[in-house]
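I opened this one to see how the chain is put together. Notes follow in the order I looked things up.

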Amino acid sequence: MTKCEEFLMEFRQELATTRRVLERVPADKLPWKPHEKSMSLGTLAMHIAMVPGGIAAITRGDSFDLTNSKPLPPTPASTAEIFTALERSVQEVETAFKSTPEEAVYAKWRMVRGDREIFAIPRFVAWRSIMLNHWYHHRGQLSVYLRLLDVALPSIYGPSADESPFG
């Protein structure tokens, strides 16, 4: 099994969990924030939907210049927008993982800001830390938002206090 096949298998497994969590986002609470410094519920959900595809896109080349980065997405108008963004993101990841040659997986990828290098790491390390771990972090953050809104949580890595996939 290639490194890309391993990542794709993990991505697909975690995608199912991410979908379950995003399905719980209440459409009438998208502007809600737990704190003035926090992202809104909708912005966080949209960020979760877009992160994997965005990272797949920026790691296609040998480097990414942060001066070209966009701010966080705006609060979506509907949960349908979140799922549309998620489907685009899934396609971007699937394409990246299926089309990246094995040698490119281990090649250096750089994040820069103008002339200054922020870091240089193998592409698969960027996928692991910036794409997947970043995604899981925000998904956990979303589960806290949902708990604060008294929304029943799905199973993530085992039963939640609200439901058990084991009956």
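Before checking any helix, I wrote down the rule for length: the expected span of a helix is 1.5 Å times one less than its number of residues. Helices (H or I, at least four residues) and strands (E, at least two) are DSSP runs, numbered from the N terminus.

Ground rules next. This is a predicted model, so local features need pLDDT of at least 70 and side-chain atom pairs count only at pLDDT 80 or more, while totals for chains, interfaces and linings use all residues. Residues are numbered from 1 along each chain as its sequence is written, and side-chain values use heavy atoms, with hydrogens and water left out.

**Entry: overall build**

I got 5 helices and 3 strands for the chain. Read from the N terminus, the order is α-α-β-α-α-β-β-α. I then looked at the radius of gyration, taken over C-alpha atoms and set against a globule rule of 2.2 Å times the number of residues to the power 0.38. The chain comes out at 17 Å, which agrees with the value near 15 Å for a compact globule of 167 residues. Its C-alpha trace spans about 45 × 40 × 25 Å along the principal axes.

For burial I used relative accessible area: buried is under 20%, exposed is over 50%, and partly exposed is in between (1.4 Å probe, protein chains only). By that cut, 44% of the 167 residues are buried. For contacts I took heavy atoms within 4.5 Å. Of the contacts with a separation of 6 or more, 73% join residues 24 or more positions apart.

**Entry: H1**

Does the length of H1 agree or disagree with the rule? It agrees, because 20 residues at 1.5 Å a residue should span 28 Å and the end C-alpha atoms are 28 Å apart. Its buried residues include Phe7, Leu8, Phe11, Glu14, Thr17, Thr18 and Val21. I found the buried residues of H1 packing against H2, H3, H4 (102-105) and H5.

**Entry: H3**

H3 covers residues 79-99, and its 21 residues reach 30 Å from first C-alpha to last, close to the 30 Å expected. Among its buried residues I noted Ile82, Leu86, Val90, Val93, Glu94 and Phe97. They belong to a buried set that packs against H1 (3-22), H2 (41-58) and H5 (123-148).

**Entry: Arg139**

I wanted to know: is Arg139 buried or exposed? Arg139 counts as buried, because its relative accessibility is 3%. Arg139 sits in H5. Leaving out residues up to four places away in sequence, Arg139 touches Glu14, Thr17, Thr18, Val21, Ile48, Ile156 and Tyr157. Glu14, Thr17, Thr18 and Val21 are on my buried list for H1.

**Entry: Asp150**

Asp150 lies in the segment after H5. Its phi is near 60 degrees, a positive value in a residue other than glycine. At 68% relative accessibility, Asp150 counts as exposed.

**Entry: Thr2 and Lys33**

Thr2 is in the segment before H1 and is partly exposed at 30%. What is the C-alpha to C-alpha distance from Thr2 to Pro101? I read 9.6 Å, with their places 99 residues apart in sequence.

Lys33 is in the loop between H1 and H2 and counts as partly exposed at 41%. Lys33 and Tyr145 are 112 residues apart along the chain, yet their C-alpha atoms are separated by 8.2 Å. Not counting residues up to four places away in sequence, Lys33 touches Ser38, Met39 and Ser40.
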